[in-house]
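The following exercises are to be worked with the sequence and the predicted model at hand. Each task is followed by a solution in steps.

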Amino acid sequence: MNMEVTQLEPYILKGSIKVIDRFFSVPLDYAKPDGQHIRIFVRNLIPLSEAKGSASTDGAESDLPYLLYLQGGPGFGIGLSLSVNLGNALHKKKYQTLWLDPRGTGLSTPITADVFQTKQMDDEGIAKYLKHFRADNIVRDCETVRHLLLDGKNDPEARKWTIFGQSFGGFCAATYLSFHNDGLKEVFITGGIPPYVYEALVLKVEERNKVYYKKYPQDVRNVRRILGFLEGNNVVLPNGGNLTVSRWLQLGIQFGSHGGIDRVHQLVFRAITDLDTFEKLSYGLLDSVQGTQSFDTNPIYAVLHEPIYCQGRSANWSAHRVIQKNDRFIWGKVKLMSDNVPIYFTGEMIFPDMFEDYHHLRPLRGAAELLANDKDWPMLYDKETLKKNKVKVNAATYYDDMYVDFGLVQQTASVIGDVEQFITNQSFHDGIRENMESVLTTLFDLSKRERD
């Protein structure tokens with residue numbers, strides 16, 4: 001197996017942060033190590049202020065233990081600003097940090113519709129390719145990187161590292177604990193202990209809709225008016241996508257983050273102002289809506305969003321099936337009710353019609369259908385191994401998380417050995433960004449395992 005590492009010229013950021021950018025060549029399919037390879041990008045941030053005190057600076061840098069950050073999603077890379085902001089806080093804990101763009105994202109070999117078109121891949125070929133981009137292979141990539149960076153250490157404990165998983169990154173952490181825990185010193189998870197069931201999240205989405213309409217009661221009629229306009233007009237977004245009733249309701253994905261309810265209201269307010277003024281939706285509003293929805297630029301987020309849960313069974317458009325059971329999410333039914341009945345926004349959910357409404361998802365429609373009906377998904381977690389886990393796991397769990405159901409998280413947490421949780425209803429899913437200091441302080445206090 002040919003494992004190449006390309007290290008670029010280091011540079012220094014303000015605050016004495018040394019940056020080393022590396023590309024790692026890894027197999028697309030680990031069952032075929034000599035087959036097609038893809039590139040994985042990892043950014044290494046080294047706090048030079050913490051690396052002092054050794055006879056040589058390089059030696060001091062190499063002595064700092066690694067903490068690897070696993071991004072949420074799936075389907076998102078990590079920008080420099082997030083890595084620096086969160087990195088600065090983690091560096092105070094005497095780590096150097098690694099920031100992985102998971103396979104298919106960011107600066108790693110990308111997955112985009114135009115790449116598949118260039119390669120002239122058919123739907124079956126695309127679906128087969130995409131099956132290699134779940135947590136199991138992300139963890140294998142991590143292990144490849146760990147071995148290449150740390151196998152030269154004399155101390156076996158120094159060949160291990162700590163991982164920090166946010167959201168889907170926490171799912172990856174559970175996979176890591178299941179199959180490669182011998183490479184781990186410690187695990188931190190924020191909003192990402194994996195649930196085993198998807199359906200329960202709809203109840204939390206309903207709750208957040210009730211909060212929205214209680215805060216902005218005028219939007220009951222405003223949203224109905226907007227949907228009536230969208231239903232009667234062909235509204236095209238700047239990049240060629242369609243702004244349909246379904247796509248407007250998908251703005252509710254923001255209800256699960258701090259300030260999301262207010263951001264959605266501002267879009268509703270802008271749209272109503274446009275309709276009053278121009279009797280149509282302005283370019284500025286359309287551009288704003290398009291900018292809030294990331295599926296065009298992050299297609300893995302759409303096409304693998306449900307398959308990331310699957311183990312030996314098909315997703316079969318789970319969100320679409322569940323939503324059909326509740327009339328309040330169905331515009332065709334709500335529009336026939338009294339005009340004081342609100343239509344509910346949807347949450348972090350994937351629907352078949354998205355592969356028509358989003359311009360850059362259209363070429364993936366056939367592959368998405370194949371993946372939704374595919375039952376041949378390997379196991380992502382090993383319950384017996386998790387029960388016997390000896391690696392410290394420190395988790396921030398958000399009671400009002402709209403993306404990861406609290407009740408189901410507790411079921412999973414009860415299975416994993418040596419888990420300590422910080423449970424709060426004062427943060428949403430993005431608590432590590434919005435309340436970084438308090439979340440990190442509590443997690444590292446949990447890590448001490450001190451008892452009264």
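**Exercise 1. Cysteines**

Is Cys172 buried or exposed, and what is its relative accessibility? Determine also how many disulfides the structure holds.

Solution.
- Step 1. The relative accessibility of Cys172 is 2%, so Cys172 counts as buried.
- Step 2. The closest cysteine sulfur to that of Cys172 belongs to Cys142, at 7.2 Å, which is too far for a bond.
- Step 3. Cys310 is likewise in no disulfide; the nearest cysteine sulfur, that of Cys172, lies 15 Å away. With a relative accessibility of 6%, Cys310 counts as buried.
- Step 4. The number of disulfides in the structure is 0.

**Exercise 2. Helix α11**

Identify the buried residues of helix α11 (residues 283-292) and explain how they are arranged around its axis.

Solution.
- Step 1. Residues count as buried under 20% relative accessible area. In α11 these are Leu285, Leu286, Val289 and Gln290.
- Step 2. The four lie on the same side of α11, because the arc they cover around the axis is only 135°.
- Step 3. The spacing along a helix accounts for such a pattern: with 3.6 residues a turn, residues three or four places apart point the same way.
- Step 4. On the face turned away from the buried side, Tyr283 and Gly291 are exposed.
- Step 5. The cover over the buried residues of α11 includes α9 (245-249) and α10 (260-278).

**Exercise 3. Helix α8**

Check the length of helix α8 (residues 219-232) against expectation, then state what its buried residues pack against.

Solution.
- Step 1. Helix α8 has 14 residues, and at 1.5 Å a residue the expected span is 20 Å.
- Step 2. The end C-alpha atoms of α8 are 20 Å apart, which agrees with that expectation.
- Step 3. The buried residues of α8 are Asp219, Val220, Asn222, Val223, Arg224, Ile226, Leu227, Phe229 and Leu230.
- Step 4. Their packing partners are α7 (201-215), α9, α10 and α14 (331-334).

**Exercise 4. Nonpolar cores**

Which residues touch the most other members of the largest nonpolar core? Describe the surroundings of Phe345.

Solution.
- Step 1. The largest nonpolar core has 120 residues, and those touching the most other members are Trp161, Tyr212, Leu230, Trp248, Phe345 and Phe355.
- Step 2. Leaving aside residues up to four places away in sequence, the contacts of Phe345 include Val205, Tyr212, Val223, Trp248, Phe255 and Phe329. Asn209 and Gly252 are also among the residues that Phe345 touches.
- Step 3. A second core, separate from the largest, has 25 residues, including Ile78, Leu86, Tyr398 and Ile432.

**Exercise 5. Salt bridges**

State how many salt bridges are counted, and locate the partners of Lys94, Lys204 and Glu420 in the chain.

Solution.
- Step 1. With a cut-off of 4 Å between side-chain nitrogen and carboxyl oxygen, the count is 21 salt bridges.
- Step 2. Lys94 pairs with Glu50 at 2.7 Å, N to O. These partners are 44 residues apart: Lys94 lies in the loop between α2 (80-91) and β6 (96-101), and Glu50 in the loop between β4 (37-47) and α1 (57-63). Lys94 is partly exposed at 48%, and Glu50 is partly exposed at 22%.
- Step 3. Lys204 pairs with Asp400, with 3.7 Å between the closest N and O atoms. This pair bridges 196 residues, from helix α7 to the loop between β9 (392-398) and α18 (406-413). Lys204 is buried, with a relative accessible area of 9%, whereas Asp400 is partly exposed at 22%.
- Step 4. Glu420 and Arg451 form a salt bridge at 2.4 Å. Glu420 is in strand β10 (residues 419-424), while Arg451 is in the segment after α20 (436-447), 31 residues apart. Arg451 counts as exposed at 58% relative accessibility.
- Step 5. Shared partners join Lys204, Glu207 and Asp400 into one network of salt bridges.

**Exercise 6. Backbone geometry**

Where is the cis peptide bond between Gly73 and Pro74 placed, and what is the phi of Ser16 and of Ser167?

Solution.
- Step 1. The bond joining Gly73 and Pro74 is cis, with omega about 10°. Pro74 belongs to the loop between β5 (66-70) and α2.
- Step 2. Ser16, although not a glycine, has a positive phi of about 60°. Ser16 sits in the loop between β2 (11-13) and β3 (17-27) and is partly exposed at 38% relative accessibility.
- Step 3. Ser167 has a positive phi of about 55°. Ser167 lies in the loop between β7 (161-166) and α6 (168-179) and is buried, with a relative accessible area of 11%.

Methods. Residues numbered from 1 in each chain as written. Predicted model: local features only at pLDDT ≥ 70, side-chain atom pairs only at ≥ 80, totals over all residues. Heavy atoms only, no water. Buried < 20%, exposed > 50% of the residue type's maximum accessible area, 1.4 Å probe, protein only. Helix = DSSP H or I, 4+ residues; strand = E, 2+ residues; numbered from the N terminus. Arc of directions from axis to C-beta. Contact = heavy atoms within 4.5 Å. Core = buried A, V, L, I, M, F, W, Y, C linked by side-chain atoms within 4.5 Å. Expected span 1.5 Å × (residues − 1). Disulfide = S-S within 2.5 Å.
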